[in-house]
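Biologist: Could you walk me through the pockets and charge pairs in this one? I'd like to follow along on screen.

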Amino acid sequence: METILEVNKLSKAFQKRQVLKGIGFEVKRGEILCFLGPNGAGKSTTIHILTGALPSSEGEVLYKGVPISKQLRSYKRELGVVPQDLALYEELSAERNVLFFAGLYGIRGSALAHAVEEAIQLAGLADRRHDKVKTFSGGMKRRLNIACAIAHRPELVIMDEPTVGIDPQSRNHILECIRKLRDNGVTILYSTHYMEEVEAIASRIIIMDHGHIIAEGTKETLKEEIQGEKQYGIELEPGSHIQEELFYRVEGVKFVEIKEDRIEVVSLKDIENLDRIISLLTDQGVKIRNIESRTASLETVFLKLTGRKLRD
């Protein structure tokens, strides 16, 4: 596939703190490239540089083979940005908001009316187009935020956590909207804290930590990283308590995470140790409600690579 965006040796420092440390990657036309990483990994800084809102300290970003610094105005005309913080006028209607943002790109007359209609329909807001934004739910505002970013039909859309704090129905609608954009040939860069969203839409994934890219690939290739491991999900009786450290005494156990009344255990595939894990729990007086063996998840890959939860 054609490379639409190329990032070379990108670095960024704020005073003496190095946030990005020479990262590089390519974005192919028509793909959905998702960024994952714990807080402080460098995702937001990367997004801000790619949108042209922040200069890099070193390195360059090329759009269609030309540095964006040499074509910033034309680059931004072909770019749609969905910021994490809502950029909407609360006292205006949904339609007036989309009209305003699309008009900034020089669209006029019937072309503007058609572009606005198309964006509002895609966001699922046709029946509320004349209502003021201040009457909208959080999920509706997020969908309108996307409509404002895509009304001028950009070739490249950058989305920075566009589903923060919304209901499941709005999240599903937004993910479906993103898939439709991809099917129409739009290239999408997507930063999120939600692993299930990446599972649902990603063509390719970049995992960042401490200013570096530590893994890159499709969901399938990343999961192959832990083919030599197996995963158990253990459900306990409510109110159970046990220390994570005890599990590491069991041969083969590589990672343990306790979430309230559920334990996630990652172990070497070739070592049979489930009976010892069960014995450990029963010896501690912990009652087991259910045990399931699962294939590797994207979250397991992430935890193995970073050693941290996504929101650490």
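Biologist: What volume does the largest pocket have?

Modeller: This is a predicted model, where local features need pLDDT of at least 70, side-chain atom pairs count only at pLDDT 80 or more, and totals for chains, interfaces and linings use all residues. Residues are numbered from 1 along each chain as its sequence is written, and side-chain values use heavy atoms, with hydrogens and water left out. On a 1 Å grid over the protein atoms alone, a pocket is an open set of points where a 1.4 Å probe fits, with protein on both sides within 12 Å along at least five of seven lines. Volume is the space filled by probe spheres set on the points, and for the largest pocket that comes to about 250 Å³.

Biologist: Which element gives the most to the lining of the largest pocket?

Modeller: Lining residues have an atom within 4 Å of a point, and here there are 14, with Val81, Phe101, Tyr105, Cys148 and Ala149 nearest the centre. Two elements give two or more residues, β6 (79-82) and α5 (138-150); helices (H or I, at least four residues) and strands (E, at least two) are DSSP runs, numbered from the N terminus. The top contributor, with four residues, is β6.

Biologist: Which helix gives the most to the lining of the second largest pocket?

Modeller: That pocket holds about 200 Å³ of space. Its lining includes Ala115, Glu118, Arg153 and Val186. Four of the lining residues come from one helix, α4.

Biologist: How far is arginine 142 from the nearest side chain of opposite charge?

Modeller: Arginine 142 sits in helix α5 and is buried (under 20% relative accessible area, 1.4 Å probe, protein chains only). No salt bridge (a side-chain nitrogen of Lys or Arg within 4 Å of a carboxyl oxygen of Asp or Glu) is found for arginine 142. Counting Lys and Arg as positive and Asp and Glu as negative, with His and the chain ends not counted, the nearest opposite partner is aspartate 85, at 5.9 Å.

Biologist: Which residue forms a salt bridge with glutamate 197?

Modeller: Glutamate 197 is buried, at 0% relative accessible area. It lies in helix α7 and its partner in helix α6, so the pair ties together parts 26 residues apart in sequence. The N to O distance is 2.7 Å, and the partner is arginine 171.

Biologist: How many salt bridges does the count come to?

Modeller: Another pair is arginine 129 with glutamate 117, again listed at 2.7 Å between the closest N and O atoms. By the rule above, the count comes to 23.

Notes: Buried means under 20% relative accessible area, exposed over 50%, partly exposed in between (1.4 Å probe, protein chains only).
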